[in-house]
Amino acid sequence: MKKWLVLVAACLLAACSSSGENKTYYQLPVDKGTVQNSASSGQDLLWVEQVTVPDYLAGSGVVYQTSDVQYVIASNNLWASPLDQQLRTTLIANLSNQLPGWVIASQPLGHDQDTLNVSVNGFHGRYDGKVIVSGEWLLNHNGQLTKRPFHIELAQQKDGYDEMVKMLAQAWSQEAVSIARFLNQQL
């Protein structure tokens, strides 16, 4: 009888440990579009210097808000690469698609460039079926600073991490459109 209990306990432990090893990795998709940058004199230059995230978003786990004050960092649903890098890369790609004729880069472009820094303080799913993307950006244009907050909430159409990541990417893309609109109107 004791051998039977030990065998059952061992099987249960093995089942629990193996189910915990199924990890899923996520990469933010980039909007498909045509990058239409072309070299010409007097061209608009934008250096996306950095996109920062707070510590709770900087880990490898996808974040989900379970109540007004509680957040869970997933241990099996992980970012394929650091979130701040993914946000910066997709922001550059999305701005490049939205701003034909501009050179948008991750490296300094020279003395006549504009500089954009973004601080993301919310990039997570929430218990009510919405995703939250929030923060602020700071643009330096010819020594003049412009600071704008953003807060986007989108409802998920389906359950699950796949849908949550797609909706987070859509909200981030919407903020890129908003930044591009500002650049086109103001500069």
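In this predicted model, Thr-52 has Ser-119 of strand 6 as its bridge partner, and this pairing belongs to a parallel arrangement in which strand 2 and strand 6 are joined over six bridges. Strand 6, which covers residues 114-126, recurs throughout this briefing, since Asp-114, Thr-115 and Phe-123 are each placed in it. The chain as a whole has 187 residues, and its mean pLDDT is 87.

**Confidence**

- Although the mean pLDDT of the chain is 87, the share of residues that reach 70 or more is 83%, and two stretches with values below 50 deserve separate mention.
- Residues 1-18 have a pLDDT below 50, and in the model this stretch makes zero contacts beyond its near neighbours in sequence.
- Residues 34-41 also have a pLDDT below 50, but here the model does contain 13 contacts beyond near neighbours in sequence.

**Overall architecture**

- The chain contains four helices and eight strands, and when these elements are read along the sequence they follow the pattern α-β-β-α-β-β-α-β-β-β-β-α.
- Of the contacts between residues at least 6 apart in sequence, 67% join residues that are at least 24 apart.
- Buried residues make up 38% of the chain's 187 residues, while the area that the chain exposes is about 10800 Å², of which carbon and sulfur atoms supply 52%.

**Strand pairing around strand 2**

- Strand 2, made up of residues 45-52, pairs with strand 5, residues 103-105, in the parallel sense and over three bridges; within strand 5, Val-103 is the residue that stands opposite Leu-45.
- Strand 2 also pairs in the parallel sense with strand 6, in this case over six bridges, and the partnership of Thr-52 with Ser-119 involves that strand.

**The start of strand 6: Asp-114 and Thr-115**

- Asp-114, found in strand 6, counts as buried because its relative accessibility is 5%, which falls under the 20% cut-off for that class.
- The side chain of Asp-114 makes a polar contact of 2.7 Å with the side chain of His-141, and the C-alpha atom of Asp-114 lies 7.1 Å from that of Leu-139, although these two residues are 25 apart in sequence.
- Thr-115, in strand 6 as well, is likewise classed as buried, because its relative accessibility is 13%.
- Leaving aside residues up to four places away in sequence, Thr-115 touches Leu-46, Trp-47 and Glu-49, and it also touches Leu-138, Leu-139 and Asn-140.
- Leu-139 therefore appears in two descriptions of this region, as a residue touched by Thr-115 and as the residue whose C-alpha atom is 7.1 Å from that of Asp-114.
- As a general point, side chains in a regular strand alternate between the two faces of the sheet.

**Aromatic pairing**

- A search of the whole structure finds five aromatic pairs, and one of them is formed by Trp-79 and Phe-123, whose rings are tilted, with 6.2 Å from centre to centre and 50° between the planes.
- This pair links distant parts of the chain, with Trp-79 in strand 4 (residues 71-79) and Phe-123 in strand 6, at a separation of 44 residues.
- Trp-79 is buried, its relative accessible area being 5%, and Phe-123 counts as buried too, at a relative accessibility of 1%.

Conventions
Residues numbered from 1 in each chain as written. Predicted model: local features only at pLDDT ≥ 70, side-chain atom pairs only at ≥ 80, totals over all residues. Heavy atoms only, no water. pLDDT = per-residue confidence, 0-100. Contact = heavy atoms within 4.5 Å. Helix = DSSP H or I, 4+ residues; strand = E, 2+ residues; numbered from the N terminus. Buried < 20%, exposed > 50% of the residue type's maximum accessible area, 1.4 Å probe, protein only. Areas by Shrake-Rupley, 256 points an atom, 1.4 Å probe, with all protein chains shown as cover. Phe/Tyr/Trp six-rings, centres within 6.5 Å; stacked < 30°, edge-to-face > 60°. Polar contact = N/O pair within 3.5 Å; in protein donor to acceptor, adjacent residues only side chain to side chain. Pairing = 2+ DSSP bridges.
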